[in-house]
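Got your viewer open? Let's take a walk through this model, one selection at a time.

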Amino acid sequence: MKKLLGESLTHLDDEFEKFNKGILKVQEYLFTFLSDLRVPYDNNASERGVRKIKIKQKVSGCFRTNDGADYFAKLHSITETAMKNGNSKFKAILAVVRQ
């Protein structure tokens with residue numbers, strides 16, 4: 001892998017060379033999923049995390065107030081974090097309200 005990424009690509013387009021140099025800088029992070037099976041190979045979890053917000057925007061077009069948008073974002077963050085940690089969304093909201 002390192003040999004392939006370390007090959008000189010100067011004969012190619014300058015933009016591709018910049019891209020290659022950028023990959024070389026982050027290669028230890030970019031291919032983590034190959035050596036650590038706990039790391040997913042895709043970005044689907046992040047995409048799923050913002051899906052509800054995008055659907056809300058698509059259905060209503062916008063939030064009516066900034067406060068409404070803030071409350072929605074906070075609730076969404078709390079419930080999604082609880083779900084990803086295997087906890088109940090409802091119990092997570094109750095815990096925040098009780099504080």
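Helices here are DSSP runs of H or I with at least four residues, strands are runs of E with at least two, and both are numbered from the N terminus. This is a predicted model, so local features need pLDDT of at least 70 and side-chain atom pairs count only at pLDDT 80 or more, while totals for chains, interfaces and linings use all residues. Residues are numbered from 1 along each chain as its sequence is written, and side-chain values use heavy atoms, with hydrogens and water left out.

**The whole chain**

Start with a cartoon view. You'll find six helices and zero strands, so the pattern along the sequence reads α-α-α-α-α-α. Now switch on the surface. The chain exposes about 8800 Å², and carbon and sulfur atoms supply 58% of that (accessible areas come from the Shrake-Rupley method with a 1.4 Å probe, and for residues only the protein chains shown count as cover). Of the 99 residues in the chain, 11% are buried. Buried means under 20% relative accessible area, exposed means over 50%, and partly exposed is in between, using a 1.4 Å probe and protein chains only.

How do contacts (heavy atoms within 4.5 Å) spread along the sequence? Among those between residues at least 6 apart, 21% join residues at least 24 apart.

**Stop 1: from Glu7 to helix α2**

Select Glu7, in the loop between α1 (2-6) and α2. Glu7 counts as partly exposed because its relative accessibility is 43%. Then add Asn20: these two are 13 residues apart along the chain, and their C-alpha atoms are separated by 9.5 Å.

Asn20 is one of the buried residues of α2, alongside Glu17 and Ile23. Move along to Leu24, where α2 bends by about 45°. That bend is the angle between axes fitted to the seven residues ending at a residue and the seven starting there.

Next, pick Tyr29, also in helix α2 (residues 14-30). Is Tyr29 buried or exposed? Tyr29 is exposed, because its relative accessible area is 61%. Add Val26 and Leu30 to your selection, and you have a nonpolar patch on the surface with about 300 Å² of accessible area together. Patches are made of residues with over 30% relative accessible area and no salt bridge; like charges are joined within 9 Å, and nonpolar side chains (Val, Leu, Ile, Met, Phe, Trp, Tyr) within 5 Å.

**Stop 2: the salt bridges**

How many salt bridges does the structure hold? There are two, where a salt bridge is a side-chain nitrogen of Lys or Arg within 4 Å of a carboxyl oxygen of Asp or Glu.

Show the side chains of Arg38 and Asp36: they form a salt bridge, with the closest N and O atoms 3.0 Å apart. Arg38 counts as exposed because its relative accessibility is 74%.

Now jump to Glu80 and Lys89, whose side chains meet in a salt bridge at 3.7 Å, N to O. Glu80 is at 9% relative accessibility, so it counts as buried. Lys89 counts as partly exposed, because its value is 28%.

**Stop 3: helix α4 and His76**

Highlight residues 44-60, which make up helix α4. From its first C-alpha to its last, this 17-residue helix reaches 24 Å, close to the 24 Å expected at 1.5 Å a residue (the expected span is 1.5 Å times one less than the number of residues). Zoom in on Arg51, where α4 bends by about 35°. Just after α4, look for Gly61, which takes a positive phi of about 90°.

Keep α4 in view and select His76, in helix α5 (residues 66-84). His76 counts as buried because its relative accessibility is 10%. What does His76 touch? Not counting residues up to four places away in sequence, it touches Gly49, Lys52 and Ile53.

**Last stop: Ile93**

Finish in helix α6 (residues 89-98) by clicking on Ile93. Ile93 is partly exposed, because its relative accessible area is 29%. Leaving aside neighbours within four places in sequence, Ile93 is in contact with Leu75, Ile78 and Thr79. For one final distance, go C-alpha to C-alpha from Ile93 to Ala82: they are eleven residues apart in sequence and 9.1 Å apart in space.

Notes: Contact means heavy atoms within 4.5 Å.
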